[in-house]
Amino acid sequence: MGKLRRTVAVVDDDASIRRSVGRLLNAYGFAATEYASAEAFLAQYESIDVACLVLDIDLDGGMSGMQLQRRLKEAGSNLPVIFMTALEERRLQAEAEWAGCIAYLRKPFAGSDLIAAINKALGV
């Protein structure tokens, strides 16, 4: 019997980042699901079995990545979160780490750093 692929959700408003991260995850044996917004992820969250969330902090238009993580925690979710951002703000990093993120990656980041963070989140 084949190894079960774990699903990792990628939420980023930049389509090229979503696609790139999704391809990287697929290449490493994960099943990637991609969402352009926090709201799009929340609309599907109950119907998918997500093992880890790779989340952009600065999402355009609606809920931010930090707001999404807070909402999930308030709902009782223990979903591991890996934040990624192009912003250079220590305050955001401190807030993300205080909230319990697995990793805080600054774009552009090495693919190996993301895979290592996902493996850590999944206990691999």
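These legends accompany a set of close-up views of a predicted model.

**View 1. Five strands line up in one open sheet.**
Welcome to the sheet, where the strand order reads E2-E1-E3-E4-E5 and the pairing is parallel. Strand E2 (31–35) and strand E5 form the edges, each pairing on one side only. From one strand to the next, the twist averages 20°. Helix H1 (residues 15–27) packs on this sheet and touches E1, E2 and E4. The direction of H1 makes about 170° with that of E2.

**View 2. Strand E3 sits between E1 and E4.**
Start with the neighbours of E3 in the strand order E2-E1-E3-E4-E5. On one side, strand E1 (residues 7–11) runs parallel to E3 and is joined to it by four bridges. Look for Val 11, which stands opposite Leu 55 of E3. Four bridges also join E3 to strand E4 (residues 81–85), again in parallel. Here Asp 56 has Met 84 of E4 as its bridge partner, while Leu 53 stands opposite Val 81.

**View 3. Both faces of strand E3 are covered.**
In a regular strand, side chains alternate between the two faces of the sheet. How many of the five residues of strand E3 are buried? Five of the five, across residues 52–56, so E3 is largely enclosed by the rest of the structure. Cys 52, Val 54 and Asp 56 lie on one side, Leu 53 and Leu 55 lie on the other, and all of them are buried. It is worth pausing at Asp 56, a buried residue of this strand that is also the bridge partner of Met 84 in E4.

**View 4. Strand E4 is enclosed too, and pairs onward to E5.**
Five of the five residues of E4 are buried, so this strand is largely enclosed by the rest of the structure. One side carries Val 81, Phe 83 and Thr 85, the other carries Ile 82 and Met 84, and both faces are covered. E4 pairs with strand E5 (residues 103–106) in the parallel sense, over four bridges. To find this pairing, look for Phe 83, whose bridge partner in E5 is Tyr 104. Between these two strands the chain passes through helix H4 (residues 90–98), making a right-handed β-α-β crossover.

**View 5. Helix H3 links E3 to E4, with Asp 60 in the loop before the helix.**
E3, helix H3 (residues 65–74) and E4 together make a right-handed β-α-β unit. Asp 60 lies in the loop between E3 and H3. Is Asp 60 buried or exposed? Its relative accessible area is 58%, so Asp 60 is exposed. A useful landmark here is Ala 36: 24 residues separate it from Asp 60 along the chain, and their C-alpha atoms are 9.3 Å apart.

**View 6. Three aromatic rings form a cluster around Phe 41.**
A search of the whole structure finds two aromatic pairs. Such a pair is described by the distance of the ring centres and the angle of the planes. In the pair of Tyr 35 and Phe 41, the centres are 5.5 Å apart and the planes stand at 80°, so the arrangement is edge-to-face. Phe 41 and Tyr 45 have centres 5.3 Å apart and planes at 45°, so that pair is tilted. Ring pairs thus link Tyr 35, Phe 41 and Tyr 45 into a cluster. Phe 41 and Tyr 45 both belong to helix H2 (residues 38–45), where they are four residues apart and so separated by about one helical turn. Tyr 35 is buried, and Phe 41 counts as buried because its relative accessibility is 0%.

**View 7. Cys 52 and Cys 101 do not form a disulfide.**
A disulfide is a covalent bond between the sulfur atoms of two cysteines. How many disulfides does the structure hold? The number is zero. Cys 52 is in no disulfide, and the nearest cysteine sulfur belongs to Cys 101. Why is there no bond from Cys 101 to its closest cysteine sulfur, in Cys 52? The two sulfurs are 11 Å apart, which is too far for a bond. Cys 52 has 0% relative accessibility and so counts as buried. Cys 101 is buried as well, with a relative accessible area of 12%.

Key: Residues are numbered from 1 along each chain as its sequence is written. This is a predicted model: local features need pLDDT of at least 70, side-chain atom pairs count only at pLDDT 80 or more; totals for chains, interfaces and linings use all residues. Side-chain values use heavy atoms; hydrogens and water are left out. Buried means under 20% relative accessible area, exposed over 50%, partly exposed in between (1.4 Å probe, protein chains only). Two strands pair if DSSP finds at least two bridges between them. A crossover is right-handed if, with the strands pointing away from the viewer, the path from the first strand over the helix to the second runs clockwise. Axes are lines fitted to C-alpha atoms, for helices over the stretch in contact, and angles run from 0 to 180 degrees between N-to-C directions. Contact means heavy atoms within 4.5 Å. Rings of Phe, Tyr and Trp (its six-membered ring) pair if their centres lie within 6.5 Å; planes under 30 degrees apart count as stacked, over 60 as edge-to-face and the rest as tilted. A disulfide is a pair of cysteine sulfur atoms within 2.5 Å.
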